[in-house]
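Thanks, everyone, for making time this morning. I would like to walk through one protein and its ligand, beginning with the contacts around the ligand and then turning to the sheets.

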Amino acid sequence: MSELPVVVVGAGPAGLSAAAHLVERGERVLVLEAGDRAGAAVSQWNYVRLFSRWSELVDPAAERLLAAAEWARPDGDTYPTGAEWADLYLAPLAGVLGDRVRFGARVVGVARRGRDRVVDAGREDEPLTVHVRTGEAEERISARAVIDASGTFGSPNPLGGDGLPAVGEKAAAARIGYRVPDLGAERSRYAGRRVVVAGSGHSALTALVVLAELAEQAPGTKVVWLLRRGAVGNVFGGGESDQLPARGALGSRARKAAEAGYVETVTGFRTSAVERGEDGTLSLESFDGHRVEGVDEVVVLTGFRPDLSWLSEVRLDLDPVLQAPSKLAPLIDPNVHSCGTVYPHGENELRHPEPGVYLVGMKSYGRAPTFLSLTGYEQARSVVAAIAGDHEAASRVELVLPETGVCGGAGVFDAPQEQKNSGGCCGAPETVDVAIGLAPGAR
Ligand SMILES: Cc1cc2nc3c(=O)[nH]c(=O)nc-3n(C[C@H](O)[C@H](O)[C@H](O)COP(=O)(O)OP(=O)(O)OC[C@H]3O[C@@H](n4cnc5c(N)ncnc54)[C@H](O)[C@@H]3O)c2cc1C
């Protein structure tokens, strides 16, 4: 078993961070990436500028590996686009990892060798097996541990207010997008059109900002912003009190766009159906009969969910609400948390009944929003330490995340309760973190 590799699923920021830590610890690692490049998911939103700076987007172990290869570290105080993050950091990192990273390799199943999830007998003596599809070929790889860092970008939530596709949503697919509009490549699709944006997270705010800018330039462009919640409440975030200034600024710009009249805001709208009119436009109907008519395009940014289909044969302990590891879920539940703070957590919170199987990165958050790559890096460090048997390092978790400046939970689905800023939704104590060198408010 000890000679078998640790298989990492996904060559995104979290997966490559885990691989860098495994290499540093002299462990055998194989990264399987479904896409044709490192950061294949990030590359799909390559035109979006991140609200984290380079200094918050580079994993320490990865940096050490890259430094040995004379990597040109970007200025830590600047903000990359998705393309820059992928091209200037993830691709060089995969380059340094060499043939430990396989592209075009989609993981389609993980199990315990010769045993489904029911069978106890001999389970602990058998390695894990990873089923991989490469083009038409299929193979099975034995592994001593599996780190699933496959993200959630491939599984966007639908428009339907109940979490299922709205009636007619699939039929209207040609007019519905599930990512921030790329006005470089898709300007004509949205210019002069009536565009619905559904969602209230950072991607939805980004879409409001770019479409409002388009509305300024292209007469006739109208934006209708659909929210499930009963009031806008704290959707725009903490503005200047956000400890990630660019994230705060994003919220302020979206607020300006909404207040400048470029955006018509509709709250309490849970989409139940999408109908296509004779003129080709769409009508959206909510569960309580409200309608938004004459829609040309819909941008659905209602969050993501984990693809758990290929993990059906291993024993996971997932929260029934968020589909995140049960010990982590209470720390990130948007029903009660909106400050973006998550207590330091690592292998202990990410461990499952199936030994050696971990979800890290965006996927570890299940359906919860506000994941930051800093969290994925700390998760990877702790999980790898545990796999290598260094339990002291695994349990020494250190992470302080920049707070959003708003607290008190989302109250997303009904009229939000009054937001009080005293003590915060998780009463997070103010601390200074030497390991990452971030101090709340210190920039
Ligand atoms: C528009 C946008 C902006 C964001 N901005 C920020 C920001 O400013 N700061 C921040 O900290 N975070 C930000 N995030 C959140 C988060 O950090 C990123 O999403 C980050 O890419 C998550 O890293 P990951 O490695 O967990 O997942 P991903 O980057 O999604 O990587 C997962 C990889 O796994 C691969 N994969 C998927 N399924 C399989 C399979 N079955 N087999 C093999 N490979 C598979 C995918 O192709 C992908 O390459 C942003 C997210 C989005 C969508």
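Let me begin with Glu-33, where an N or O atom of the side chain lies 2.6 Å from an oxygen atom of the ligand. Please keep in mind throughout that this is a predicted model, and that the distances I quote are computed from it.

Two further polar contacts involve the backbone: a backbone N or O atom of Val-107 is 2.9 Å from a nitrogen atom of the ligand, while in Ala-40 a backbone N or O atom lies 3.5 Å from a ligand oxygen. As for how much of the ligand is covered, on its own it has 980 Å² of accessible area, and the protein covers 92% of that.

Which residues of the shell come closest to the ligand? The shell numbers 30 residues, and the closest are Glu-33, Phe-51, Ser-52, Met-362 and Ser-373. Sorted by class, the shell consists of 20 nonpolar, 8 polar and 2 charged residues. If we ask which elements contribute, helix 1 (13-24), strand 2 (29-33) and strand 4 (106-112) each supply at least two residues of that shell.

Strand 4 leads us to the first sheet I want to describe, an open sheet of 3 strands in the order 4-5-6 with antiparallel pairing. Strand 4 and strand 6 (137-143) are its edges, and each has a single partner strand, so one side of each is left without a neighbour in the sheet. On average, and ignoring direction, neighbouring strands here are turned by 20° against each other. Between strand 4 and strand 5 (residues 128-134), which run antiparallel, there are 6 bridges, and Val-110 has Val-130 in strand 5 as its bridge partner.

The other sheet on my list is also open, but it is made of 5 strands in the order 8-15-9-10-11, and its pairing is parallel. Here the edges are strand 8 (176-177) and strand 11 (263-266), and because each has a single partner strand, one side of each is left without a neighbour in the sheet.

Within this sheet, strand 9 (residues 194-198) pairs with strand 10 (residues 222-226) in the parallel sense over 5 bridges, and Ala-198 stands opposite Leu-226 in strand 10. What lies across these strands? Helix 5 (residues 202-217) lies across strand 9, strand 10 and strand 11, and the helix runs at about 160° to strand 9.

That is where I will stop, and I am happy to go back to any of these contacts or strands.

How values were computed:
Residues are numbered from 1 along each chain as its sequence is written. This is a predicted model: local features need pLDDT of at least 70, side-chain atom pairs count only at pLDDT 80 or more; totals for chains, interfaces and linings use all residues. Side-chain values use heavy atoms; hydrogens and water are left out. Two strands pair if DSSP finds at least two bridges between them. Helices (H or I, at least four residues) and strands (E, at least two) are DSSP runs, numbered from the N terminus. Contact means heavy atoms within 4.5 Å. Axes are lines fitted to C-alpha atoms, for helices over the stretch in contact, and angles run from 0 to 180 degrees between N-to-C directions. A residue is near a molecule or strand if one of its heavy atoms lies within 4 Å of it. A polar contact is a pair of N or O atoms within 3.5 Å; within protein, one must be able to donate a hydrogen and the other to accept it, and residues adjacent in sequence count only if both atoms are side-chain atoms. Accessible areas come from the Shrake-Rupley method with a 1.4 Å probe; for residues, only the protein chains shown count as cover. Ala, Val, Leu, Ile, Met, Phe, Trp, Tyr, Cys and Pro count as nonpolar, Asp, Glu, Lys and Arg as charged, and the others, Gly among them, as polar.
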